[in-house]
Amino acid sequence: MKVSLYTISLSGGYYRGDAVPLLDIFPKAKAWGYDGIEIEGKRPHGSPLDLDAAARSAIRTAADDHGLELSCVAAYNDFSSPVEEHRENEMLMVRELIR
């Protein structure tokens with residue numbers, strides 16, 4: 001079994017202080033003995049609105065440089081709406097998170 005650090009743990013919502021920038025989490029996760037990173041798919045760490053091709057490449061490089069897997073992206077999706085457009089927006093968000 002491999003254990004990953006969920007970046008929401010360092011997003012600033014569960015302690016006093018600012019969020020740890022995503023790329024700064026990789027050396028911490030390695031030092032703490034984690035095998036991988038689970039990126040929260042929203043701000044401040046993994047919103048597709050903030051991650052262009054260069055930022056996504058930097059994330060993959062940071063994982064490789066620290067010998068960590070990108071084990072998961074938490075999508076926070078909800079397909080339960082009876083409104084078709086809401087479900088379509090959720091699908092679009094998941095597709096962007098996969099990218």
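Start with the whole protein chain: of its 99 residues, 29% count as buried, meaning under 20% relative accessible area with a 1.4 Å probe and protein chains only as cover. This is a predicted model, in which local features need pLDDT of at least 70, side-chain atom pairs count only at pLDDT 80 or more, and totals for chains, interfaces and linings use all residues. Residues are numbered from 1 along each chain as its sequence is written, and side-chain values use heavy atoms, with hydrogens and water left out.

Keep the chain selected and show its C-alpha atoms. They fill a box of roughly 45 × 30 × 30 Å, taken along the principal axes.

Switch to a cartoon view. Three helices and three strands appear in the protein chain. Both are DSSP runs: helices are H or I with at least four residues, strands are E with at least two, and numbering starts from the N terminus. Trace the chain from that end, and the order reads β-α-β-α-β-α.

Next, select residues 22-31, helix H1, and residues 53-65, helix H2. Their axes, lines fitted to C-alpha atoms over the stretch in contact, come within 9 Å and cross at roughly 10 degrees. H1 and H2 are therefore roughly parallel to each other, a label for angles under 35 degrees on a scale from 0 to 180 degrees between N-to-C directions.

Now show side chains where these helices meet. From H1, pick Leu22, Leu23 and Phe26; from H2, pick Ala58, Ile59, Ala62 and Ala63. These groups are in contact, with heavy atoms within 4.5 Å. The residues of this contact divide into seven nonpolar, no polar and no charged. Nonpolar here covers Ala, Val, Leu, Ile, Met, Phe, Trp, Tyr, Cys and Pro; Asp, Glu, Lys and Arg are charged, and the others, Gly among them, polar.

Technical notes: Angles under 35 degrees count as roughly parallel, over 145 as roughly antiparallel, 65 to 115 as roughly perpendicular and the rest as oblique. Buried means under 20% relative accessible area, exposed over 50%, partly exposed in between (1.4 Å probe, protein chains only).
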